[in-house]
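Please look through the sequence and the model below before reading on. The paragraphs that follow lead through charged pairs, helices and aromatic rings in turn.

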Amino acid sequence: QITTLINHKDKPKRSDKTLQAIQRVGQAVNLAVGRFVTVGEAIANENHELKEEMSVACIEARRAGETIAQLTDVASLDHPESDSHITIFTDKTGVVKAARLLLSSVTKVLVLADRIVIKQIITSRNKVLATMDQLEKVNSFQEFVQIFSQFGNEMVEFAHLTGDRQNDLKDEKKKARMAASRAVLEKCTMMLLTASKTCLRHPDCESARINKDGVFHRMRLALEQVIEIVTDSRPSGENEMAPISIYSGIKEFKNKVEGLRENLYFLSKENLSTMLEVILEHTEDFTDSAYTSHEHREHILELSKQAKMELEQLVSVWMQAQNQKTKDLMEDLEVAILKTCQCMNDLKREVHSAATSLAADLLKYHTDHMVLKALKITGVEGNLEAVAEYTCKLSEQKEQLVEMCRLLRHVSGTEPLEITCIHAEDTFQVTGPQIVSAAETLALHPSSKIAKENLEVFCEAWESQLSDMSLLLREINDVFEGRRGEKRVYLSLPRPGKHNANLKALKPVKLDSEEQAKIAKLGLELHLLTSDVDSETEKWEDQDNEIVQHGQGMSSMAYSMYLFTRGEGLLKTTQDLFHQAEIFATEGTKLASALHALSDQVHDDKPLLLLEAEKLISMCKQLQITAKASAQGKSATFTKVDACILKTRNVMTLLCQLLPLCCKLLRKIKAGNGCLKPAPPWKEDRIRTATNARTPERRVDTFGIKSLENHVTNMTFLESK
């Protein structure tokens, strides 16, 4: 609005329409400033240490807003230039000064408000730490119950504050780190409860104490990392030096090589040689790994050797071209650049294949959780020898999974996914020994219900991380295949220059930052629903089932629509979004047809299934009508976007209810035909949302708030137990 005012053209003739428009803009700015300042003043009243600074900034902002309103009060003037009243036409510099003052004071208010938010998070963290210290030293169960109730409430508050902060972070790397820390806190809250109870029940048990100490230590580290991210600092002035991955190394190397086309002198041959050496050193993580197949190892070594040769040839031609820039030499240089880049692409593809095939094999092999099951059984039997045997097997499994995470980090493709791989590696490293200590405690006290419950909690954390790895692997493959941020590309989406060569180009309309902020909550809800739908579809034995196929397609499209609300993904304009909504509704209608077909095979539940199918058809029709409706102007377009996202969310909510119902009915049908294959029990409730870094962001608002509140509620029953 301010830019509009300052950039308005000075014309000798000004129509009433122009004058009214200028006045409306000025009034809109003043009203917006008024609302903004009201919030700032309310914050100031609640935070006395910054009240004075905040009040001054608010007064400046209000004054600047009023000045802009006065200078744009021109609609009632027939000849503003001849009037004694000063306006934007007689004093444009006044508007510029007021605008500068406004932007300066608004920035001050935002910075002060940000300081307050950071202080709130630090204060909340300090309260959590103080209560943790009390929990660690408590000796009686009754006292523990009271303090843990307080701890639960404090963790809920911390979860809300850090969830809001995570949403506000612009840096995807920080967002991923925050998501990882909050995921640790979520899982460790339940571990802290059961580990502490076990220690209280068996105070002389060394393995129980080790188990509890491990949880407290990990929670403190996670709390510290949250504060580092929030305050943008590191302890003792350390700089964060994340190890370079092969992907990022190859990307940088190729950029430098391709830069030779523009400038032959911007870097030295030693620089390029050093960069390649670093990349090839990292490939040793693959060639030295006991889990890399012989075939992959040979290919990586062969490509590494070829890369050195291609670089030597490139350097030779490059040095000649520096001395004599002939046409033939420049053509030779172009060929050398292309061959070097192609070799690096081949190397990237090979290490990606090595890492992802290993991960897929390991995840498939460990889905039965046989070692965990054996530890639970032998622990209850009090068989210390057998427990020792299976803890060795778990340690082997841990080493395999840690190595898998290290190799995946090299090929993850984005910094947030790299961070997610590092988080997964840490989780396996820490959780493995904790399972061992929990199993040893149970073996020493085989009749202890709390020791059994404690082992269950740690095993669940392991299973949950394995489940998250499956989703992470899918995301890494998506990035490699050029579907960054998308679960699957939906081919019905029109692409520029394809199938529409004769169509008039649509004006690209995007959501601005204010509109993105308004629709963020709705987008996040849609995101969480896609995770729930994915979780449900993963449980189906028959992944080729028509209902699953439609459900996955709808989830993919809904996820694209969520990314649109963040200004990301393949949907670039509002027109893309509306087209996607139409296709989504069509897919929903096809799903309803599949539900009708399923209803013919059931008896008792047929009315319920038909009712849900009709509900789905009705919702999809409403969405199609909304998506096809015309919308003129910025406000109407945003309203239409909001309505499309809202109706998509409603369909996804219904889909979350339909998928488990259909899965249950199909199992009934198969059981009746004597051909039911029981699904692995861990899948029924284990697969949940991944940590994100795609974002890292895939569980932004869900960290422990519901589970924590449940813990706190359940504490009322603990004392009597």
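In this predicted model, Asp-346 has a relative accessible area of 24% and is therefore partly exposed. Its partner is Arg-349: the two side chains meet in a salt bridge, with 3.1 Å from N to O. Arg-349 also counts as partly exposed, at 45% relative accessibility. Both residues belong to helix H11 (residues 327-365), where they lie three residues apart, about one turn of the helix. An α-helix has 3.6 residues a turn, so residues three or four places apart point the same way.

A search of the whole structure finds 28 salt bridges, and some of them connect separate helices. One of these joins Glu-456 and Lys-376, whose closest N and O atoms are 3.3 Å apart. Because Glu-456 lies in helix H15 (residues 449-480) and Lys-376 in helix H12 (residues 370-381), the pair ties together parts that are 80 residues apart in sequence. Glu-456 is partly exposed, with a relative accessible area of 29%.

Another salt bridge is formed by the side chains of Glu-425 and Arg-406, at 3.0 Å from N to O. Here Glu-425 lies in helix H14 (residues 415-444) and Arg-406 in helix H13 (residues 384-410), so the pair ties together parts that are 19 residues apart in sequence. Is Glu-425 buried or exposed? Its relative accessible area is 13%, and since buried means under 20%, Glu-425 is buried. Arg-406, by contrast, counts as partly exposed at 37% relative accessibility. Elsewhere, Asp-133, Glu-136 and Arg-220 are joined into one network by salt bridges that share partners.

The next topic is the helices themselves. Helix H17 (residues 546-565) has 20 residues, which at 1.5 Å a residue should span 28 Å; its end C-alpha atoms are 29 Å apart, in agreement with that expectation. How many of the residues of H17 are buried? The number is 18 of the 20, so the helix is largely enclosed by the rest of the structure. The N-terminal end of H17 is capped by Asn-545, which places a side-chain oxygen 2.7 Å from the backbone nitrogen of Ile-547. After H17 comes Gly-567, whose phi is positive, near 75°.

Helix H3 (residues 51-71) contains Ile-68. H3 has 21 residues and reaches 30 Å from its first C-alpha to its last, close to the 30 Å expected at 1.5 Å a residue. Ile-68 is buried, with a relative accessible area of 0%. Its C-alpha atom is separated by 6.0 Å from that of Val-95, although the two residues are 27 residues apart along the chain. Other buried residues of H3 include Met-54, Ala-57, Cys-58 and Glu-60. Ala-61, Ala-64, Gly-65, Ala-69 and Leu-71 are also among the buried residues of this helix.

Aromatic rings come next. A pair of aromatic rings is described by the distance of the centres and the angle of the planes. The structure holds six aromatic pairs. One of them is the tilted pair of Phe-141 and Phe-144, at 6.3 Å centre to centre and with 35° between the planes. Being three residues apart in helix H5 (residues 141-168), Phe-141 and Phe-144 are separated by about one helical turn. Phe-141 counts as partly exposed at 23% relative accessibility, whereas Phe-144 counts as buried at 0%.

A second tilted pair, that of Phe-148 and Phe-151, has its centres 5.6 Å apart and 50° between the planes. These residues likewise both lie in helix H5, three residues apart, about one turn of the helix. Phe-148 is buried, with a relative accessible area of 1%, and Phe-151 counts as buried at 0% relative accessibility. Ring pairs link Phe-141, Phe-144, Phe-148 and Phe-151 into a cluster.

Finally, rings also take part in contacts with charged side chains. Where does the charged end of Lys-640 sit? The charged end of Lys-640 sits over the ring of Phe-578, 4.0 Å from its centre. Similarly, Lys-348 lies over the face of Tyr-247, at 5.2 Å from the ring centre.

Note on methods: Residues are numbered from 1 along each chain as its sequence is written. This is a predicted model: local features need pLDDT of at least 70, side-chain atom pairs count only at pLDDT 80 or more; totals for chains, interfaces and linings use all residues. Side-chain values use heavy atoms; hydrogens and water are left out. A salt bridge is a side-chain nitrogen of Lys or Arg within 4 Å of a carboxyl oxygen of Asp or Glu. Helices (H or I, at least four residues) and strands (E, at least two) are DSSP runs, numbered from the N terminus. Buried means under 20% relative accessible area, exposed over 50%, partly exposed in between (1.4 Å probe, protein chains only). The expected span of a helix is 1.5 Å times one less than its number of residues. A polar contact is a pair of N or O atoms within 3.5 Å; within protein, one must be able to donate a hydrogen and the other to accept it, and residues adjacent in sequence count only if both atoms are side-chain atoms. Rings of Phe, Tyr and Trp (its six-membered ring) pair if their centres lie within 6.5 Å; planes under 30 degrees apart count as stacked, over 60 as edge-to-face and the rest as tilted. A charge sits over a ring if NZ of Lys or CZ of Arg is within 6 Å of the ring centre and within 35 degrees of the ring normal.
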